[in-house]
Amino acid sequence: KMAEIRRVSYFDQLETAKPDPVFNVLVKFKEDRDQNKVNLSVGAYRNEEGLPWVLPVVRTVEAQMSTDLMLNHEYLPLDGLKAFTDSATKLLLGGDSPAITQNRFCAFQAISGTGSVRVGLQFLNKFLQTDTIYLSKPTWSNHHGIARDTGFANIKEYRYYNPDTKGLDIEGMIADLTSAPENCVVVLHTCAHNPTGVDPNRDQWLRIINVIKERKLFPLMDTAYLGFATGDVDNDAWPVREMVRQGMELFIAQSFAKNFGLYNERVGQLCCVLSSPEVCSAVLSQLKFIGRRLWSNCPHHGARIVATALNNPTLYQEWIDNLTVMTGRIKDMRDGLFQRLKAKGTPGNWDHIVNQIGMFSYTGLNGDQVEYLTKKYHIYLLSSGRINISGLNHANLDYVAAAIHDTVTNIK
Amino acid sequence: FNFITKMATRSERSVWSHLSHGPIDPTFGLFDSYRNDPRPRKVNMAIGIYTDDKGGPYVLPIVKKVERYIVEKELDKEYAGIMGYHAFRQAATELVLGKDSPAIVNKLCATAQTVAGTSALRIIATFLAKLYPYGKTVYMSNHTWPNHPTIFKESGLTVEKYRYYDSSTGGLDTAGLYEDLQKMPEHSIVLFQACGHNPTAVDPKLDEWAEISRICKEQSHFLIFDVTYLGFASGDIEQDAAGIRKLVADGHKLALCQSFSKNMGLYGDRAGNAILVCSSEEEKTIVESQLSLIIRPMYSNPPIHGARIVTEILTNPEFKTEWIKEQREMFDHVFEKRRKLHEALIKTGSTLNWSRVMEQKGWFFFSGITKEQVEKLEKDHGIYMSKNGRIPVVALAAEDIEYVAKAIHEVTRH
């Protein structure tokens, strides 16, 4: 028996989990010694120097906070820092939102966007009593993992990206949502769709909202790029605000990783717009119970930074200016790449480079072309053809454009 | 357009009409009740949080100093990676196991930075529920932190109790514990608290840990340690970790769920570390890959701020010395409150035996006060505490000690 104990490992039958594909690309990029290498696979904003950029407003607020002797490190309430959730909700819905004035919302701080989606889907799976969820095809890969781990046995995809037009397959999307069973959950991206960069226009949103209402589907709006899509918060928030205006109930998962550049501080919240204050109270109590079993309560540091900035007019303006720097640079890079490909007469239609919105672009490059691009030119992107536009800068634009031109010309 | 506005009636029934309120969290719910009590004389004994003499929040000076130091460094805000900040994981693991632990030297520790202790427990529990090749039942002490059974049940494990606290002696029920460990099916999952047991304040002595180790090895049990009060049982971190280190030295491939909430006062920063001691370096890599599959759909990657503070403190000798000193001061402060409570209880003239106040270890005094007496304390004296009679000595303000002692005497005299 003693010999048995010595030999046995509880987990010697365990298999290595398949490594995260995005992480793998990053590893290969790091190992590459070529001096021309370009990383277009990263999931965070890069500045003109190709470096991470901490927003100046964040540095300002953090410096203030570090010398503030009134701040402590106590537990936050189970639903989070009120100054944060209130200001985040106001940012999302607009201060005059009927959901706010009628007190028909509850807000629950969570571990960034992932945690917000996790708690939201966990709640919906249990209390909508549905095991069916609809995700866009394609979508952020973690949506599938979260849906699976929160008990959705029936994970379906609605058509979304049209590879021929490199735009929205609106008819496919409407058809698929129309055939969805009543009472199931549908996850939508509020703006700057990840990974495609393809967003519905307002008319298309109205059609989508209509189907959701008619089919009695429950929407969870994944909102990771508020203000980061077009630089205009109100514009980016429009789909959510329209749903509220139309009297719908919905959940919104909000992340401040990108729009405040606070990736590793894990700042986010789940905002629930409901039909009455009483329902809000019941929902919030259930969310607290879910959170208690995952992480008990949330970190205060990042939430304080966001709350401080949003609640101070000067700092708020500084944040908007910082946002404009990022979205402005991304737009410049989109234009820059597009102009160069057009000038070269690169085969194909490249309008999507400037039509798509946000940090990511589905270039339309296929697996072989991606492999060629990486092998020959040391340009790293996802095998899906997704690039991070902010990985481009004036130093590498010519190089990348030339590389894409060569790739598309020679590899089919 | 008219069609759309007609659809948008606010009187549409909510899908949630059937929804009821969630269960009120025992700890935070109690705290809420205390807060809402309008009486001027009330005492909050609901939550175990270290407070200064006025009952207010306390930030360790070294923490404030290091926080400023870190902010001045102007570090990035990039994702920490699913498993978290590597230097933190290393430093945290070395703190609890000791730098020369065979588990560390032989690179056997699978680690993950987690959202404080709660997430460490949730991740380990989920890992076991998913991949443990034997029975999916976890055994925990007859009294334990209320969130323990909740977390493990949520993860899909069945929860059972083992005898631990002996209410007749106010100490460890060694006979009951050893017997229960032997009676459990082989390869059972058993949860222990490393030190400063919450709520009983009773810890096994080193020779008792040795016996626990012997039986568990015989039974091939899988051990999980909740490491929340490191430094608060004896005032010395190495001494508090002695039990765990003995078990690791004895070859147990155990799991640890480590929190820096209490010993660094980083409650709101959520700094935690999950450790799984594996059989080989290769297995460690495999286990970490499996843990990452669990973490990614939960919260993707952990919060950096608290982990940076912890790492800076643990890896800078000057900072570490300061921290050890301040943590020891917190311990002394709690011990002093314990002493004062003991004194005040004796002073009331109570004929009950209050010696266990001084025998127990850590933040709490497990008083033996009954549920009815606890209710009376709340009703008649505005004293809010857990129904199991747990008194967080750590949270007693100096001006409340005498009041509390008198009230306890009042409800326990016959």
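Q: What makes a residue of chain A count as being in contact with chain B in this predicted model?
A: Contact means heavy atoms within 4.5 Å. By that cut-off, 84 residues of chain A are in contact with 85 residues of chain B.

Q: Why is the pair A:Arg46 and B:Glu78 called a salt bridge?
A: The cut-off is 4 Å between a side-chain nitrogen of Lys or Arg and a carboxyl oxygen of Asp or Glu. Here the closest N and O atoms of A:Arg46 and B:Glu78 are 2.8 Å apart, so the pair qualifies. The count between the two chains is five salt bridges, alongside 36 residue pairs in polar contact, both residues at pLDDT 80 or more.

Q: Which helix gives the most to the side of chain A that touches chain B?
A: That is helix 12 of chain A, with 10 residues. Happily, this helix turns up again below.

Q: How much area is buried between chain A and chain B, and what share do carbon and sulfur atoms give?
A: About 7,500 Å² is buried, and carbon and sulfur atoms give 57% of that.

Q: How do you know that both chains help to line the second largest pocket?
A: Helix 12 (277-294) of chain A supplies at least two residues of the lining, and so does each of several elements of chain B, including helix 7 (147-154) and helix 17 (398-412). Helix 2 of chain B gives the most, with eight residues. The pocket holds about 1,000 Å³ of space. Of its 43 lining residues, those closest to the centre are B:Thr27, B:Phe28, B:Phe31, B:Asp32 and B:Ile47.

Terms used
Residues numbered from 1 in each chain as written. Chains lettered and ligands numbered in written order. Predicted model: local features only at pLDDT ≥ 70, side-chain atom pairs only at ≥ 80, totals over all residues. Heavy atoms only, no water. 1 Å grid on protein atoms, 1.4 Å probe; cavity = no way out; pocket = protein on both sides within 12 Å on 5 of 7 lines; lining within 4 Å. Points joined across faces, edges and corners; volume = space filled by probe spheres on them. Helix = DSSP H or I, 4+ residues; strand = E, 2+ residues; numbered from the N terminus. Buried area = accessible area lost by both parts, 1.4 Å probe. Polar contact = N/O pair within 3.5 Å; in protein donor to acceptor, adjacent residues only side chain to side chain.
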